[in-house]
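Here are a few notes to read alongside the model. They go from the contact between the chains to single residues, and end with the record.

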Amino acid sequence: MEFKRAVGTRRTTRYYQAWRPVEKEKVQKILHAARLQSHHGNAQEVRKAVVITKGETPDAVRDGLIDAVYNQPQAHQAPVAIVWCTDMAGWEPLRPTLLKLIESGSLTSSYGWSEEFVDSVVMKTPDFNVLAGDVEFAKWLSAFECGLGVGSALLAATDEGLGTGLVTGRREQIRELLKMPESVIPTQIQLVGYSAESTEAGGQRPRPDFEDLYFDGTWGTSYGNDESVVAELSDAGMIQAAAPLPHRKAELRALAGMFGLPE
Amino acid sequence: MTDTAFHELITVQRYAAHLSDLDTKDRDARLNTIAEFAEFVGRTPDEMIAEIFNEETRKYRKRGFYSDRVKEFSAALDGPRNRQLARGNVIRSFFIANGRRIPPEQPDWI
């Protein structure tokens, strides 16, 4: 699938084909999409995940996770749940990671990068070495970096023809259930499975106007939303028909009937 | 309760608005199911909605009671399991339309 179409086709899927397993290789591709995303300081060990698979992970663990995400019906249905988390211990190897980036030619001497610079400046500056400063900032940045990876993982699932979506849950319960160490904080849970909804899933979800979100030069001055660009993105499938499509209510009634759920 | 009084209840009107895409026969059948359930538990629809949730503590207080009554009510229908489930889900939909949730029964195949 072309990138623009993947962005435009992604939905938060809320009905999954519970009877249809997800191929392990597809899950692997989703995880790679997250692994290869950008990360502050290339501290990739901050962003981790535990995969829970119906029929493979012990039932007690999967049932425990479903309970921790408030027994939402889509969690019962989706055969795979990826529990994304941040591991604060992943920041500890920041120095050797940066040195590897220098060695690999990613961080260049033209921009002042050297082992001495890493030791004397970067490792002592909390904006770069987050463990040297405020722990709240470190947690905030970790969540941000985790989110970057999850964003890619959502698109990768769409690219693989899968339905996907994020749910939230009781983090401490999840941490204990999955035997995570103290340094780990569960974030959001990505459900993965074949969607039981149509590809359009009722249409692209409501979004605020572009002009209200993105500014040019100063806060509040709209960046401008060129109509020809909008047309190009529509042709490419990134901008799609907005929800609700005319048949959506009937589709939801049919889905509710299929899953034995109230409408 | 008269039919008119039933239809004038705010909770019934909220649910009816939720059914606006259905034809009259379907809509009436569902509203009739609500009326039957209200009789089954000996409360008006407004009383059911008021009772299940404590506005002061912002917590459910009789969810287990209603969850059990819905199961009993649906099981009393002489018919296949999926029709019983659908009947119970009409009641759950009524609660949802009024901002309250009774957990659904997960089908065995999930």
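**Notes on the chain contact and two residues**

1. Start with where the chains meet: chain B brings 18 residues to the contact and chain A brings 15 residues. Keep in mind throughout that this is a predicted model.

2. How much area do chain B and chain A bury between them? The figure is about 1400 Å², with 51% of it on carbon and sulfur atoms. On the chain B side, Gln106(B), Trp109(B) and Ile110(B) are worth finding in the viewer: they supply 38% of the area that chain B buries against chain A, more than any other three residues.

3. Now the polar side of things. There are 3 salt bridges across the interface of chain B and chain A. Have a look at Lys249(A) and Asp21(B), whose side chains meet in a salt bridge at 3.9 Å, N to O. With the cut-off for a salt bridge set at 4 Å, that pair is counted because its 3.9 Å falls within it. There are also 6 residue pairs in polar contact across the interface, both residues being at pLDDT 80 or more.

4. Which helix gives the largest share of the side of chain B that touches chain A? That is helix H6 of chain B, residues 81–97, with 5 residues. Sorted by character, the residues on this side of chain B come out as 8 nonpolar, 5 polar and 5 charged.

5. Back to Ile110(B), which sits in the segment after H6 of chain B. Is Ile110(B) buried or exposed? Its relative accessible area is 16%, and the cut-off for buried is under 20%, so Ile110(B) counts as buried. Leaving aside residues up to four places away in sequence, Ile110(B) touches Ala18(A), Lys54(A), His76(A), Gln77(A) and Phe259(A). As for its own chain, Ile110(B) and Lys62(B) are 48 residues apart in sequence and 27 Å apart in space, C-alpha to C-alpha.

6. Over in chain A, try Thr86(A), which you'll find in strand S2, residues 80–87. Thr86(A) is buried because its relative accessible area is 3%, and under 20% counts as buried. Among the residues that Thr86(A) touches, not counting those up to four places away in sequence, are Val46(A), Ser142(A), Cys146(A), Val184(A) and Thr187(A).

7. Last, the record. UniProt, in an unreviewed entry, lists residues 9–184 of chain A as "domain: Nitroreductase". In the model that span is 43% helix and 12% strand, and its end C-alpha atoms lie 32 Å apart.

Terms used. Residues numbered from 1 in each chain as written. Chains lettered and ligands numbered in written order. Predicted model: local features only at pLDDT ≥ 70, side-chain atom pairs only at ≥ 80, totals over all residues. Heavy atoms only, no water. UniProt positions renumbered as here; feature names shortened; annotations may be inferred. Helix = DSSP H or I, 4+ residues; strand = E, 2+ residues; numbered from the N terminus. Contact = heavy atoms within 4.5 Å. Buried area = accessible area lost by both parts, 1.4 Å probe. Polar contact = N/O pair within 3.5 Å; in protein donor to acceptor, adjacent residues only side chain to side chain. Nonpolar A, V, L, I, M, F, W, Y, C, P; charged D, E, K, R; others polar. Buried < 20%, exposed > 50% of the residue type's maximum accessible area, 1.4 Å probe, protein only.
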